[in-house]
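Hi everyone, thanks for making the time. I'd like to walk you through one model today, so let me put it up on the screen.

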Amino acid sequence: MDAQITVINANRADVERVRSLRLAALADSPLDFASDGDETTWNASAWGDWLTIARAVWLAARDEQDVGLAALEDAWDEADACYVASVWVTPTARGIGVADALLEALIADASRRAARRLHLDVVATNTRARAFYQRHGFRTVGEARHTPRGTREIAMTRPLP
Ligand SMILES: CC(C)(COP(=O)(O)OP(=O)(O)OC[C@H]1O[C@@H](n2cnc3c(N)ncnc32)[C@H](O)[C@@H]1OP(=O)(O)O)[C@@H](O)C(=O)NCCC(=O)NCCS
């Protein structure tokens, strides 16, 4: 039987699941995120704030095991755009549609907020993530920032229906 993938919008009751997934993401792929790793020192209250203030966090599970997360933020400088962040799938669950399910949830969430565009930044050398985003209609629109770890990111964007 095909693995069952479910995606939910995390709330404060899910704080331990979110903390565990995000720390696993930073340990697995530290250079793929614009984080300095500070999260390892956060308490439960800080994690609760992270997942409810200024972003919506979506969790993916396969056969009831947590296998990925992604976050949607309002774009700070565009009223009708949202920003995709913190996308990660555990290595053993890649290539089977978990990332697709997470991105579909983010797109539906952004559309509910009446967003017309989705933006993201991705490390330039992250060819797998770039291929994934390109398949979902994102196009490179220029250089973004350097991360705290010194990697260079590019900016990608896609319209929403
Ligand atoms: C990015 C990520 C979420 C994508 O999830 P995934 O399950 O791996 O995605 P998919 O397998 O559906 O798509 C990956 C694409 O890269 C391709 N690919 C696989 N390995 C690759 C490699 N080594 N180099 C380049 N492309 C590769 C796949 O063929 C696929 O291409 P397609 O979309 O044209 O079919 C996941 O790889 C991940 O968590 N990576 C580490 C964290 C990360 O980079 N997050 C993004 C931060 S912006």
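Let's start with A70. Setting aside its neighbours within four places in sequence, A70 is in contact with W58, V84, S86, V87, L102, L103 and L106. Before I go further, please keep in mind that this is a predicted model.

Now, one of those contacts, W58, stands opposite A70 in β3. That takes us to the strands. β2, residues 56–62, and β3, residues 65–74, run antiparallel and are joined by seven bridges. The two form a hairpin with two residues between them, and D63 in the turn has a positive phi of about 50 degrees.

On to the next pairing. β3 and β4 also run antiparallel, with six bridges joining them. Here the hairpin has six residues between its strands. If you want a pair to click on, L72 has V84 in β4 as its bridge partner.

While we're in β4, have a look at S86, which lies in that strand. Its phi is near 60 degrees, a positive value in a residue other than glycine. Is S86 buried or exposed? S86 is buried, because 22 other C-beta atoms lie within 10 Å and the cut-off for buried is 20 or more.

Next, the core. The largest nonpolar core has 40 residues, and those with the most contacts inside it are W58, L69, A70, L102 and L106. So our starting residue, A70, is one of that group. At least two residues each come from α1 (15–28), α2 (44–52), β2, β3, β4, α3 and β5 (117–123). Which element gives the most to this core? That would be α3, with eight residues.

So let's spend a minute on that helix. In α3, the buried residues are V98, A99, A101, L102, L103, L106, I107 and A110. What covers them includes β1 (5–9), β2, β3, β4, β5 and α4. For those of you who like a geometry check: α3 has 15 residues, so at 1.5 Å a residue it should span 21 Å, and its end C-alpha atoms are indeed 21 Å apart, which agrees.

Just after α3 comes A114, with a positive phi of about 65 degrees, although A114 is not a glycine. A114 is found in the loop between α3 and β5. Compare this with S86: A114 counts as exposed because it has 10 C-beta neighbours inside 10 Å, and the cut-off for exposed is 12 or fewer.

Now for the ligand. It is surrounded by 18 residues, and the closest are R94, A99, A129, A131 and R135. The elements that give two or more residues to this shell are β4 (81–89), α3 (98–112) and α4 (127–135). α4 gives the most, with six residues. By class, the shell has nine nonpolar, four polar and five charged residues.

One last stop, F132, in helix α4. F132 is partly exposed, because 19 other C-beta atoms lie within 10 Å, while 20 would be needed to call it buried. If you'd like a distance to check, F132 and T90 are 42 residues apart in sequence and 15 Å apart in space, C-alpha to C-alpha.

That's my tour. Thanks for listening, and I'm happy to rotate the view for anyone who wants another look.

Key. Residues are numbered from 1 along each chain as its sequence is written. This is a predicted model: local features need pLDDT of at least 70, side-chain atom pairs count only at pLDDT 80 or more; totals for chains, interfaces and linings use all residues. A residue is near a molecule or strand if its C-beta atom, placed from the backbone, lies within 6 Å of it. Helices (H or I, at least four residues) and strands (E, at least two) are DSSP runs, numbered from the N terminus. Ala, Val, Leu, Ile, Met, Phe, Trp, Tyr, Cys and Pro count as nonpolar, Asp, Glu, Lys and Arg as charged, and the others, Gly among them, as polar. Two strands pair if DSSP finds at least two bridges between them. A nonpolar core is a set of buried Ala, Val, Leu, Ile, Met, Phe, Trp, Tyr and Cys residues joined through C-beta atoms within 7 Å. Two residues are in contact if their C-beta atoms, placed from the backbone, lie within 7 Å. The expected span of a helix is 1.5 Å times one less than its number of residues.
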